[in-house]
Amino acid sequence: MTTDHRDPRRPRANGPTDVAGHEVRAEGTTLPTLPGDTHAHVQAETATGSRTLWGDAWRRLRKNKLAIVGLVWIVAVLIMTISADLWVPPLFGDPLAVNTTPGASLQAPSLTHPFGTDKLGRDVLSRVVYGARVSLTVGVLAVSISLAIGLLLGALSGYYGRFVDSLVMRSADVFFAFPYILFAIALIAVLGPSYRNVFIAIGILGWPSIARVFRSSILSVKENEYVDAARAMGASDFRIMFRHIMPNAIAPIIVYGTMSIGGAIITEAALSFLGMGVQPPTPSWGLMLSDAKSLMFRAPWLTIWPGFAILTTVLAFVLMGDGMRDALDVKMKD
Amino acid sequence: MPALLEVKNLATHFTTRDGIVKAVDGVSFTLEQGKILAVVGESGSGKSVTALSIMRLVAEPQGRIVSGEVLFKGDDVLKMNDSQVRELRGDRIAMIFQDPMTSLNPVFRVGRQIGESLVLHKGMSRKEAFERAAELLDMVGIPHPRERARDYPHQFSGGMRQRAMIAMALACDPDILIADEPTTALDVTIQAQILELMMEMQERTGAAIIIITHDLGVVADMADDVMVMYAGKQVEYGTSDQVFYRPLHPYTWGLLASLPRHDVDEKGALRPIAGQPPSLINVPSGCAFHPRCPHARGLCSADAPELIDANSGHLAACHISPDERLLLQPPGRGGGVR
């Protein structure tokens with residue numbers, strides 16, 4: 001994002017809000033916006049009496065085309081998977097229904113099977129859509145686990161420092177010392193390969209990064225005078241931590257968390273590809289790639305579609321995260 | 001009845017890699033109900049640390065209050081447990097910080113921040129506190145207080161933020177208001193407004209004020225008592241009139257002489273005090289001011305002068321005898337200040 005993008009959003013000094021609001025609108029509309037966005041933008045600006053930081057961030061995010069493309073894609077995938085039961089089986093067939101009639105397997109894409117069929121005669125489109133369920137669930141649950149552990153430990157580490165800090169950060173170092181995928185495979189080997197254990201393993205492996213990011217964020221926020229002011233007001237450690245520091249330190253976590261969902265989806269695909277993840281016959285993108293690898297040249301649609309799904313979905317999360325980084329950045333400027 | 005605040009022989013030290021910094025080294029003073037005490041000195045003289053020590057806000061573990069007593073209405077703050085200190089902070093003793101641009105939390109509405117201490121100490125609901133916050137904003141002279149209370153700090157100007165900080169500090173009607181260089185980060189025109197506001201609020205609420213500043217001019221009109229600090233020690237203490245009209249310590253003379261004067265100025269340059277404030281790790285022997293003092297003598301580098309009462313409560317720590325002082329014609333004489 002260029003600076004002129006943000007300048008109109010900078011904290012305004014004196015003067016009534018409506019005057020300030022006008023300025024923003026006048027400058028805002030000259031900036032590149034999505035087609036059809038200008039009108040909505042002006043409306044939103046008029047509607048909100050007092051601007052919030054998150055409201056500002058959302059307005060900035062909306063100007064980032066790539067982030068919006070990512071967001072739209074994520075929402076589209078979400079809607080597709082949630083409503084899958086309604087339209088996929090009747091139109092394209094059950095993702096698990098094996099069809100052994102001669103000629104049913106390895107069909108090239110056609111009208112009845114737009115993405116073709118696999119070697120067991122199952123519809124690939126149907127499996128890709130249901131595979132999204134697995135991927136998104138694993139992504140979100142794994143990152144939730146990482147967040148739960150990472151935020152708590154990162155917060156303790158950053159706020160209390162000293163012994164707690166050393167303990168948490170050295171444990172994180174231990175986790176970082178192992179090659180990621182190898183560690184994941186080892187964990188799965190212990191827990192046993194299953195859908196549930198995949199996100200547990202990915203979640204456990206993700207906490208050290210979250211803890212580090214959050215810790216450093218807290219360390220910088222902690223130095224602000226408003227933290228001293230809160231202490232001088234008689235606020236307890238708990239209150240200072242959760243009400244004064246955390247909300248100001250959370251922005252990098254939102255960015256990192258969003259991107260991590262993409263990472264978790266890739267890891268799930270990799271583990272499933274290696275047979276250590278989701279087990280057949282559950283449709284998973286990684287598993288589909290694994291099944292298709294020997295048929296890559298005879299039936300390329302078997303690899304193209306799940307591969308495309310992984311690529312676009314992960315990219316969407318990364319673009320989203322990147323856009324959020326720019327959108328939330330303004331606080332670091334003032 | 002005990003004094004509102006009595007500080008006795010307070011010493012706060014910081015442990016650094018290079019050694020122990022005696023930021024505050026044996027400071028004593030008394031603050032009575034409704035009085036204004038100005039603490040004056042250069043950067044690093046221990047003014048702010050004195051204030052922070054009173055509220056037990058010195059950053060541990062590097063900083064430690066090593067000795068002394070801070071008696072608030074007779075109770076020693078330094079002996080209280082954490083929750084007792086928290087009850088005191090913001091409720092009985094409130095603080096205004098130097099930089100209004102950074103001392104408001106950017107993610108909360110101004111009204112909510114002002115109301116926070118009311119929720120904490122007075123058990124108000126968030127809504128009641130918000131209402132009261134709007135009244136407080138009105139009191140400190142912010143137009144359209146009800147609307148502005150819904151604003152975020154970045155929508156306020158520097159002067160307005162400092163007004164909001166004052167409103168925040170006054171929310172619980174504290175007995176003591178500590179203002180750590182409240183005007184340093186502001187424009188000169190706004191400075192005057194803020195000081196006026198503080199005076200007005202003081203008259204209205206009857207709170208005692210400790211104002212910390214390096215600008216003598218700022219406090220000349222408003223302070224009842226003045227304490228001059230140098231290298232962590234008190235060098236002079238007295239009523240505002242005593243310190244401004246009959247200053248005893250050469251350091252105070254230097255401070256007064258270095259003030260820009262509008263009335264008697266012969267277009268001369270400012271007269272700064274020569275030299276630098278001393279390192280607090282290797283404080284000069286004897287009187288810490290002797291390397292910079294134009295009147296220093298052998299005794300000064302050998303023996304640290306005691307803080308002695310020179311004249312009805314006017315204390316100074318200096319070896320110069322009263323007779324000598326008259327001959328030296330110190331620059332106080334008043335009038336020139338402001």
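I'll start with a pairing in chain B: strand β3, residues 36-40, runs parallel to β9 and is joined to β9 by four bridges. One bridge in that pair links Val40(B) to Val228(B) of β9(B). Before going on, note that this is a predicted model.

Staying with β9 of chain B, what lies on its other side? β9(B) is joined by six bridges to β10, residues 233-239 of chain B, and these two strands are antiparallel. Tyr230(B) has Lys233(B) in β10(B) as its bridge partner. The two strands make a hairpin with two residues between them, and Ala231(B) there has a positive phi near 50°.

Now the burial of β9(B). The strand covers residues 225-230, and six of the six are buried, so β9(B) is largely enclosed by the rest of the structure. Which residues point which way? Asp225(B), Met227(B) and Met229(B) face one way, while Val226(B), Val228(B) and Tyr230(B) face the other, and all of them are buried. As background, side chains in a regular strand alternate between the two faces of the sheet.

Next, the sheet to which these strands belong. It is an open sheet of eight strands in chain B with mixed pairing, and the order is β6-β7-β8-β3-β9-β10-β12-β11. At the edges are β6, residues 93-96, and β11, residues 308-311, both of chain B; each has a single partner strand, so one side of each lacks a neighbour in the sheet. Ignoring direction, neighbouring strands are turned against each other by 20° on average. At the β6 edge, β6(B) pairs in the parallel sense with β7, residues 176-180 of chain B, over four bridges. Ile93(B) is bridged there to Ile176(B) in β7(B).

Chain B has another open sheet to show. Its four strands are ordered β2-β1-β4-β5, with antiparallel pairing. The edge strands are β2 and β5, the latter being residues 75-76 of chain B, and each pairs on one side only. Going through the pairs, β1 (residues 5-16) and β2 (residues 19-31) of chain B are antiparallel over 10 bridges. They form a hairpin with two residues between the strands. Thr15(B) is bridged to Ile20(B) in β2(B), and Phe14(B) stands opposite Val21(B) of that strand. With β4, residues 63-72 of chain B, β1(B) shares eight bridges, again antiparallel. There, Lys8(B) has Glu69(B) of β4(B) as its bridge partner.

On to the core. The largest nonpolar core contains 179 residues, and those with the most contacts inside it are Leu137(B), Ala164(B), Ala167(B), Ile176(B) and Ile210(B). Its largest share, 17 residues, is supplied by α7(A). Ile176(B) also appeared a moment ago, as the bridge partner of Ile93(B). What does Leu137(B) touch, leaving out residues up to four places away in sequence? Its contacts are Ile114(B), Ile142(B), Pro145(B), Arg148(B), Ala149(B), Ala164(B) and Ala167(B).

That brings us to chain A. Helix α7, residues 124-160, packs with α10, residues 195-222, at an angle of about 35°, and the axes of these two chain A helices are 5 Å apart. Their crossing is right-handed. The contact of α7(A) with α10(A) has 22 nonpolar residues, seven polar and three charged.

After α10 comes α11 of chain A, residues 225-232, which is mostly covered, with seven of its eight residues buried. The buried ones are Tyr226(A), Val227(A), Asp228(A), Ala229(A), Ala230(A), Arg231(A) and Ala232(A). What do they pack against? Their partners are α10 and α12 (237-249) of chain A, together with β6 of chain B. Just after α11(A), Gly234(A) has a positive phi of about 100°.

Last, the contact of the two chains. On the chain B side, 26 residues are in contact with 24 residues of chain A. Both α2 (82-88) and α3 (110-122) of chain B supply at least two residues of the side that touches chain A. α3(B) gives the largest share, four residues. By class, this side of chain B has nine nonpolar, nine polar and eight charged residues.

Terms used: Residues are numbered from 1 along each chain as its sequence is written. Chains are lettered from A and ligands numbered from 1 in the order in which they are written. This is a predicted model: local features need pLDDT of at least 70, side-chain atom pairs count only at pLDDT 80 or more; totals for chains, interfaces and linings use all residues. Two residues are in contact if their C-beta atoms, placed from the backbone, lie within 7 Å. Ala, Val, Leu, Ile, Met, Phe, Trp, Tyr, Cys and Pro count as nonpolar, Asp, Glu, Lys and Arg as charged, and the others, Gly among them, as polar. Axes are lines fitted to C-alpha atoms, for helices over the stretch in contact, and angles run from 0 to 180 degrees between N-to-C directions. A crossing is left-handed if the near helix is turned anticlockwise from the far one by less than a right angle, and right-handed if clockwise. Two strands pair if DSSP finds at least two bridges between them. A nonpolar core is a set of buried Ala, Val, Leu, Ile, Met, Phe, Trp, Tyr and Cys residues joined through C-beta atoms within 7 Å. A residue is buried if 20 or more other C-beta atoms lie within 10 Å of its own, exposed if 12 or fewer, and partly exposed in between; C-beta atoms are placed from the backbone.
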